[in-house]
Amino acid sequence: MEYVTLNNGLKMPKLGFGVWLVPDDEAETAVKNAIEVGYRSIDTAMVYKNEEGVGRAIAASGVPREELFITTKLWNSDQGYDETLQAFDASLERLGLDYVDLYLIHWPMPKENTYVETYKALEKLYHDGKVKAIGVCNFHIEHLQRLLDECKVIPVLNQVECHPYLQQTELKAFCKEHGIYVEAWSPLMNGKDVLNDEVIKEIAEAHGKTAAQVILRWHLQYDNIVIPKSVTPSRIEENFNVFDFQLSDVDMKKIEGLNRNHRNGPDPAEFNNK
Ligand SMILES: NC(=O)c1ccc[n+]([C@@H]2O[C@H](COP(=O)([O-])OP(=O)(O)OC[C@H]3O[C@@H](n4cnc5c(N)ncnc54)[C@H](OP(=O)(O)O)[C@@H]3O)[C@@H](O)[C@H]2O)c1
């Protein structure tokens, strides 16, 4: 496993396990499986409705709590200072934990204009020691800039859609300048087109690896934190086996050439669903 050191000194596994769209009972099995394979970072959210299943898997794993890195997220309907504090406590209870490692705002919802006060509640949770780090998801540069201007704690990371067809070059440069990591959601484009890309398949064949492994390796070498999801035991293992090979500069250049700024998910500037 490779680790990154976040801007507040906290260490985080560079490869984690996502559980979006995994029902609560299946999440328990999948997370147990992932922890057995070696994953130590789990990415859930209130809106995934599987924090309880994730919590049961953590409790059953036998792995010391301090060796695990647990992320959950504040849903859009809970934005606001007091609402955030309450929603956090409810997440913690569902997870069965007494702290989480990372708490994230799920979407900026710019139309509502509540993400700054919401972030201030995250700062309180951080200062109270209930979370080890705070950050955001789906923030464009202008949203990050407002936090930098109006808040005190710099987010440790920004979790955004990122894969070879959406490389987020400009956002990554801004984040790097401010010590904010980029964490890639849908790193495999949610299992869609990029897994069948001819360039990726060619590189995979040359390394004796799968397309998914090449894409995850690309993320790691592109300095993304990455959280692939799978409920399939063989894929959970496949996605973890990405530390025993290296993409060359030529491979990296070829994948860089695949960028087409193509979003599979919604544009955060317009996403205001609650
Ligand atoms: N912050 C946000 O707004 C946000 C949004 C979306 C996602 N996320 C987080 O990011 C995580 C990952 O994103 P994601 O779930 O959208 O997509 P993803 O990890 O890019 O892809 C998951 C899909 O790819 C399939 N898959 C996984 N490994 C594979 C492999 N080795 N070969 C072929 N297919 C494979 C999975 O199928 P099976 O499961 O059937 O194996 C699933 O359908 C989420 O689970 C969630 O934790 C965050």
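In the predicted model, the largest pocket encloses about 820 Å³ of space. Its lining is made up of 38 residues, and those that lie nearest the centre of the pocket are Trp20, Ser186, Pro187, Asn190 and Lys229. By residue class, the lining of the largest pocket comprises 19 nonpolar, 13 polar and 6 charged residues. Two helices, H8 (211-221) and H9 (233-240), each contribute at least two residues to this lining, and of the contributing elements H9 gives the most, with 3 residues.

The second largest pocket has a volume of about 260 Å³. Its lining consists of Thr169, Lys172, Ala173, Cys175, Lys176, Gly179, Ile180, Tyr181, Val182, Tyr222 and Asp223, a set that divides into 6 nonpolar, 2 polar and 3 charged residues. Helix H6 (169-177) and strand S9 (181-185) each supply at least two residues of the lining of this second pocket, with H6 giving the most, namely 5 residues.

Apart from the pockets, a search of the whole structure for cavities of 30 Å³ or more returns 1 cavity, and the space within the largest cavity amounts to about 40 Å³. The residues that line this cavity are Asn138, Phe139, His140, Val160, Glu161, Gln168, Leu171, Trp185, Arg263 and Pro268; when sorted by class, they comprise 5 nonpolar, 3 polar and 2 charged residues.

Asparagine 138, one of the residues lining the largest cavity, is placed in the loop between strand S7 (131-137) and helix H5 (141-150). Its relative accessible area is 3%, and asparagine 138 therefore counts as buried, the cut-off for that class being under 20%. When neighbours within four places in sequence are left aside, the contacts of asparagine 138 are with His106, Trp107, Pro108, His143, Asn158, Gln159, Val160, Glu161, Trp185 and Pro268. Among these contact partners are Val160, Glu161, Trp185 and Pro268, which also appear in the lining of the largest cavity. Threonine 29, by contrast, lies 109 residues from asparagine 138 in sequence and 28 Å from it in space, taken from C-alpha to C-alpha.

With regard to the overall architecture, the protein contains 10 helices and 10 strands. For a chain of 274 residues, a compact globule would be expected to have a radius of gyration near 19 Å, and the protein, with 18 Å, therefore agrees with that expectation. Taken along the principal axes, the box filled by the C-alpha atoms has dimensions of roughly 55 × 40 × 35 Å. Of the 274 residues, 57% count as buried, while the area that the protein exposes is about 11,800 Å², of which 47% is supplied by carbon and sulfur atoms. Within the set of contacts that have a separation of 6 or more, 76% are accounted for by residues 24 or more positions apart.

Methods. Residues numbered from 1 in each chain as written. Predicted model: local features only at pLDDT ≥ 70, side-chain atom pairs only at ≥ 80, totals over all residues. Heavy atoms only, no water. 1 Å grid on protein atoms, 1.4 Å probe; cavity = no way out; pocket = protein on both sides within 12 Å on 5 of 7 lines; lining within 4 Å. Points joined across faces, edges and corners; volume = space filled by probe spheres on them. Helix = DSSP H or I, 4+ residues; strand = E, 2+ residues; numbered from the N terminus. Nonpolar A, V, L, I, M, F, W, Y, C, P; charged D, E, K, R; others polar. Rg over C-alpha atoms; globule rule 2.2 N^0.38 Å. Buried < 20%, exposed > 50% of the residue type's maximum accessible area, 1.4 Å probe, protein only. Contact = heavy atoms within 4.5 Å. Areas by Shrake-Rupley, 256 points an atom, 1.4 Å probe, with all protein chains shown as cover.
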